Amino acid sequence: MSNLPDSKAESTDLNSPSGSLGFERFSKKRYFTFNDYLYRKHGKKVYKITLDASFSCPNRDGTISSGGCIFCDDSGSFSMAHSSKLSIKEQVQTAIENLPRRFKAELFLAYFQAFSNTYAPVEKLKEVYDNAFSDDRVVGISIGTRPDCVDEEKLDLIKSYKNPWLELGLQSAHDKTLKLINRGHDLKTFENAYILAKEKSIRVCVHIILGLPGETPQDMLFTARYLSKLGVDGIKIHALTVLENTPLARIHAANPVKLLTEDEYCNLVADVIEIMPPDTTIHRVGGSGLSTSLIAPLWARNKFETMNKIDRILWERDTRQGARFSLK
């Protein structure tokens, strides 16, 4: 935001909420963005290539359930940046040809996003992951999946690649919520997967959703504190959105679900940021459903406005990431 003060001129007292925690050297954000992390590590602009390997999900194919999580549509939270009709090599090449012109990217991180990207035999996974490194400018891999779709053999494979990240969908630390949204696993399943990944020295980013049915702000911040005490490497924060052709859409049509307002969401995100450890990378603070499939809330269509509002709240509070971090 152009009206924000220059953070480089601020105090460097780490004990002060206004003090520098280091990440301001790369941006004016008051939190440690994943982009900042990648620039620190590689010294160049790194951009995520979103890939679709046409994996399925045990919560949709009948193994656990055929309905999926109530908020998930047929794209599996995929941005549709590419078509799964293209091979992984073709998707990588297409992205590398176009992204440098749009975003001045020099290096790339292969990101498997849609559905559960460890839900296949290890031999198949190796073939898919290997193809993500078909260009020398791909410097790492990020694999989105469910906690119940990882095991030691799969994690050993992931660990074998350079700069691996595992993205685990948790959404909430409350078992009653996980059952309500038809998540298909409990908190203990997440803990087991997380511990196993950390034992393999794999960096883990955890996804949470704010505004899930029945949860109070206190419930949502309990999830944030739980992850903060774990010392997670990264976190993605989402707002609950209603997308077309989802169980949530049908529920919403029959009896409108109470969704967070933009102000409520932004203030909660600021709370979460304050709670997280200073060295946890914030991968995302807002996302939106496809404009053609988003039913509500409509403010979620403009993620940049939401991100700017979160920045403004942090500056107005004179706070930053880690200001309320505690292991107690």
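This is a guided tour of one predicted model, stop by stop.

**Before you start**

Residues are numbered from 1 along each chain as its sequence is written, and side-chain values use heavy atoms, with hydrogens and water left out. In this predicted model, local features need pLDDT of at least 70 and side-chain atom pairs count only at pLDDT 80 or more, while totals for chains, interfaces and linings use all residues.

**The whole chain**

Show the chain as a cartoon. It has 10 helices and nine strands. These are DSSP runs numbered from the N terminus: helices are H or I with at least four residues, strands are E with at least two. Now colour by burial. Of the 328 residues, 55% are buried. Buried means under 20% relative accessible area, exposed means over 50%, and partly exposed is in between (1.4 Å probe, protein chains only). Look at contacts too (heavy atoms within 4.5 Å). Among contacts between residues at least 6 apart in sequence, 77% join residues at least 24 apart.

**Stop 1: helix H1**

Select residues 34–42, which form helix H1. Its buried residues are Phe-34, Asp-36, Tyr-37 and Leu-38. They pack against strands E1 (46–51), E2 (107–112), E4, E5 (203–210) and E8 (281–284). Step just past the helix to Gly-43, where phi is positive at about 70°.

Show the side chains of Phe-34 and Tyr-37. They sit three residues apart, about one turn of the helix. An α-helix has 3.6 residues a turn, so residues three or four places apart point the same way. Phe-34 is buried at 5% relative accessible area, and Tyr-37 is buried at 12%.

**Stop 2: aromatic pairs**

The structure holds nine aromatic pairs. The ring centres of Phe-34 and Tyr-37 are 5.6 Å apart and their planes are at 10°, so this pair is stacked. Rings of Phe, Tyr and Trp (its six-membered ring) pair if their centres lie within 6.5 Å; planes under 30 degrees apart count as stacked, over 60 as edge-to-face and the rest as tilted.

Phe-34 is buried, at 5%. Next, select Tyr-129 and Tyr-161, an edge-to-face pair with 5.9 Å centre to centre and 85° between the planes. This pair links distant parts of the chain, 32 residues apart: Tyr-129 is in helix H3 (residues 122–132), and Tyr-161 is in the loop between helix H4 (152–159) and strand E4 (164–171). Tyr-129 is buried at 0% relative accessibility. Tyr-161 is buried at 10%. Add Phe-112 and Phe-133 to the selection: with Tyr-129 and Tyr-161 they form one aromatic cluster.

**Stop 3: Gln-93 and Asp-135**

Go to helix H2 (residues 88–103) and pick Gln-93. Gln-93 is partly exposed, at 36% relative accessibility. Now add Asp-135. The two residues are 42 apart in sequence but 7.7 Å apart in space, C-alpha to C-alpha.

**Stop 4: a pocket**

Rolling a probe the size of a water molecule over the atoms shows where empty space is left. Select Gly-211, Glu-215, Met-220, Lys-258 and Leu-260. Of the 13 residues lining the second largest pocket, these lie nearest its centre. On a 1 Å grid over the protein atoms alone, a pocket is an open set of points where a 1.4 Å probe fits, with protein on both sides within 12 Å along at least five of seven lines; lining residues have an atom within 4 Å of a point.

The volume is about 210 Å³. Helices H7 (217–230) and H9 each supply at least two lining residues. By class, the lining has eight nonpolar, two polar and three charged residues. Volume here is the space filled by probe spheres set on the points, which are joined across faces, edges and corners. Ala, Val, Leu, Ile, Met, Phe, Trp, Tyr, Cys and Pro count as nonpolar, Asp, Glu, Lys and Arg as charged, and the others, Gly among them, as polar.

**Stop 5: unusual backbone**

Most residues other than glycine have a negative phi, and most peptide bonds are trans. Pick Phe-115, in the loop between E2 and H3. Its phi is positive, near 55°. Phe-115 is partly exposed at 21%. Then find Pro-297, in the loop between strand E9 (294–296) and H10. The peptide bond from Ala-296 to Pro-297 is cis, with omega near -5°.

**Last stop: helix H10**

Select residues 303–317. At 1.5 Å a residue, the 15 residues of H10 should span 21 Å, and the end C-alpha atoms are 21 Å apart, which agrees. The expected span is 1.5 Å times one less than the number of residues. Buried residues here include Thr-306, Lys-309 and Trp-315. Their cover includes helix H9 (262–275). End at Asp-318, just after H10, with a positive phi of about 55°. Asp-318 is partly exposed, at 36%.
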